[in-house]
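Trainee: I have a protein model open in front of me and would like to learn how to read its strands, its charged contacts and its surface. Could you take me through them in turn?

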Amino acid sequence: MHRRRFLQTSSAAAAVALLPAGRLLAGAPEAVTADVLARSGMGAELTLPRLAVQELAAAMRGPLLLPGMEGYESARLVMNRSIDKHPALIAQCSGAADVQSAVSFARAHGLLVAVKGGGHSFSGKGTCDGGLMIDLSGLRGVRVDPASRTAWVEGGSL
């Protein structure tokens, strides 16, 4: 076995083992037990069917948080503590596929959407009341190609 691959695999397994079990279960489809009241992009109230929300949770690698779930309260906060908004759903994306799933879900259901990058928007544009918050704060990767003088920076980078 290659030493580098062994170390990478062991590190990943250790990181997963250290996560609180509640956080792993928070985004589980079976954690969604009822229809979800939300707000459309035009401001109208709407109801998201439980099954549709469960399908979104199942499609994502990162957790899908709803009010009352462990981690929801800390995930909804932004740097400006005077902003106190409560999204109906928080998609904590762990990669581009999660972002695509969340955007497709919002489009299909006409949801109000806010995108939280680093959470530094003083005016609170990274969150919303009753809509879908797409949380990119876990996406902090940076790649640099010195030869082409190009950098790729993920949406949650600080």
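**Reading the strands and contacts**

Mentor: Let us begin with a pair of strands, keeping in mind that this is a predicted model: strand β7 (residues 142–145) and β8 pair in the antiparallel sense, over four bridges. Within this pairing, D145 has T150 as its bridge partner in β8.

Trainee: How many residues lie between the strands in the hairpin of β7 and β8, and which residue takes a positive phi there?

Mentor: Four residues lie between the strands of that hairpin, and R149 takes a positive phi near 55°.

Trainee: Which strand does β1 join, and in which sense do the two run, parallel or antiparallel?

Mentor: Strand β1 is joined by four bridges to strand β2 (residues 45–48), and the two run antiparallel. One of the partnerships to look for is that of R39 with E45 in β2. In this hairpin there are five residues between the strands, and G43 is the residue with a positive phi, near 95°.

Trainee: Along strand β1, which side chains point to one face and which to the other?

Mentor: The side chains of β1 (residues 36–39) alternate, with V36 and A38 pointing to one face, where they are buried, while L37 and R39 point to the other face and are not buried.

Trainee: In what order do the four strands of the open sheet lie?

Mentor: The order is β3-β4-β6-β5, and the pairing in this open sheet is mixed. Its edge strands are β3 (64–65) and β5 (113–116), each of which pairs on one side only. Strand β4 (residues 89–92) pairs with strand β6 (residues 132–135) in the parallel sense, over four bridges, and there I90 has M133 in β6 as its bridge partner.

Trainee: Now to the charged contacts: how many salt bridges does the count come to?

Mentor: The count comes to two salt bridges, where the rule asks for a side-chain nitrogen of Lys or Arg within 4 Å of a carboxyl oxygen of Asp or Glu. E73 forms a salt bridge with R76, with the closest N and O atoms 2.8 Å apart, and R76 forms a salt bridge with D84, where the closest N and O atoms are 2.8 Å apart. E73, R76 and D84 are therefore linked in a network of salt bridges.

Trainee: Why are E73 and R76 separated by about one helical turn?

Mentor: They are separated by about one helical turn because they are three residues apart in helix α4 (residues 72–76).

Trainee: Is R76 buried or exposed?

Mentor: R76 is buried, because its relative accessible area is 8%, and buried means under 20%. E73, by contrast, is partly exposed, with a relative accessible area of 44%, and D84 also counts as partly exposed, at 48% relative accessibility.

Trainee: Where does the charged end of R143 sit?

Mentor: The charged end of R143 sits over the ring of W152, 4.5 Å from the centre of that ring. For pairs between aromatic rings themselves, the count comes to zero.

Trainee: Finally, which residues form a nonpolar patch on the surface?

Mentor: V142, V144 and V153 form that patch, and together they have about 290 Å² of accessible area. V153 is found in strand β8 (residues 150–153), and V153 counts as exposed because its relative accessibility is 55%, exposed being over 50%.

Notes. Residues numbered from 1 in each chain as written. Predicted model: local features only at pLDDT ≥ 70, side-chain atom pairs only at ≥ 80, totals over all residues. Heavy atoms only, no water. Patch = residues over 30% accessible without salt bridge, like charges linked within 9 Å, V, L, I, M, F, W, Y side chains within 5 Å. Areas by Shrake-Rupley, 256 points an atom, 1.4 Å probe, with all protein chains shown as cover. Buried < 20%, exposed > 50% of the residue type's maximum accessible area, 1.4 Å probe, protein only. Phe/Tyr/Trp six-rings, centres within 6.5 Å; stacked < 30°, edge-to-face > 60°. Lys NZ or Arg CZ within 6 Å of the ring centre and 35° of its normal. Pairing = 2+ DSSP bridges.
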